[in-house]
Amino acid sequence: MMPLTTPAELAAEHGWTTVLAFGAHPDDLDFGAAATVAGLTRAGVEVTYVVMTDGDAGGFEAENQHTMTERRHREQREAAAHLGVRDVEYLGERDGYLEPSHAVQAKVVEAMRRHRPDAVFTMSPERDWSRLQRSHPDHLAAGEAVVRASYPAVENPFAYPELAAGGLGAFHLKWLVVYCHPAERSNLAVDVTGFEQDKLAALRFHASQHPDVQRMETFVLDGMEQLHRDWTSAHRPEGTPDTVDAPNVPAAPRRFVETFQLVSVNDASTISGF
């Protein structure tokens, strides 16, 4: 397990200057990684969002799919702009019908080869039985498509040859940053204290998805605070006593964490592949 790191420290340690971030629906990235994204962009990292479905099956108001698509695109663009995200791209897949097909994988590989990022953020292809809402079928399909694209397709010059013919040659991706993952897969904890309000602000833009904004905000903040408690407790140096609430002692300031599964795709030890 790794110690707590800030977004700026994470980017500096791995030499990240460009990040490509995939989500199944508008708002997925903002729920899963918005505070980290805010910290990365403030540190000078160029982040681009790729939203795989139009989110046309989401929302709590009576809208047709066309107007819901327009609304959710607008909500995502506004949320991303608040976080300093450079651009938002949409793959245009139908909400609720996403599959890790070769047609979808080709779109993912095209985006990766065009941007050639240092790291790719992706949803997990693994089902999280502790909180099934994380494992919407579109989430799993998005994660599977991005993982398959990350290796071997994006680095295989024979995969999707039409891309190479169009000038998008193969390249080796170094890092995957997985969110919406089962907790036991967490090996990266990012201290996002100071960016938690950016996350809440980004989520507020997705008004079509929140019938109770206050409850959503409380849930998100409490969850990030609990992740900080859990991580620091699990990584407390041996012999360090647990903190105990004492009378007349001011409560410690709230601190917040986002966790991820960090996966090295290609590093100095890699000997296989193209």
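In helix α1, which covers residues 7–14, the residues Pro7, Leu10 and Ala11 are buried, where buried means under 20% relative accessible area, exposed over 50% and partly exposed in between, determined with a 1.4 Å probe and the protein chains only. These residues cover an arc of only 95 degrees around the axis, which puts them on the same side of α1; the arc is that of the directions from the helix axis to the C-beta atoms. The structure is a predicted model, in which local features need pLDDT of at least 70 and side-chain atom pairs count only at pLDDT 80 or more, whereas totals for chains, interfaces and linings use all residues. Residues are numbered from 1 along each chain as its sequence is written, and side-chain values use heavy atoms, with hydrogens and water left out.

The face of α1 turned away from the buried side carries the exposed residues Ala12 and Glu13. The cover over the buried residues of α1 includes helix α2 (28–42) and strand β6 (188–191), a contact being heavy atoms within 4.5 Å. Glu9, which also lies in α1, counts as partly exposed at 45% relative accessibility. Although Glu9 and Asp191 are 182 residues apart in sequence, their C-alpha atoms are 10.0 Å apart in space. Just after α1, Gly15 takes a positive phi of about 70 degrees.

A second pair involves helix α7 (residues 196–204), in which Gln197 is found. Gln197 is partly exposed, with a relative accessible area of 43%, and Gln197 and Glu217, 20 residues apart in sequence, are separated by 9.6 Å from C-alpha to C-alpha.

The protein chain as a whole contains eight helices and seven strands, which are DSSP runs numbered from the N terminus (H or I and at least four residues for helices, E and at least two for strands). The radius of gyration of the chain is 19 Å, close to the 19 Å that the globule rule gives for 274 residues, so the chain is as compact as a globular protein of that length; the radius is taken over C-alpha atoms, and the rule is 2.2 Å times the number of residues to the power 0.38. Along its principal axes, the C-alpha trace spans about 70 × 55 × 35 Å. Of the 274 residues, 50% count as buried, and among contacts between residues at least 6 apart in sequence, 84% join residues at least 24 apart.
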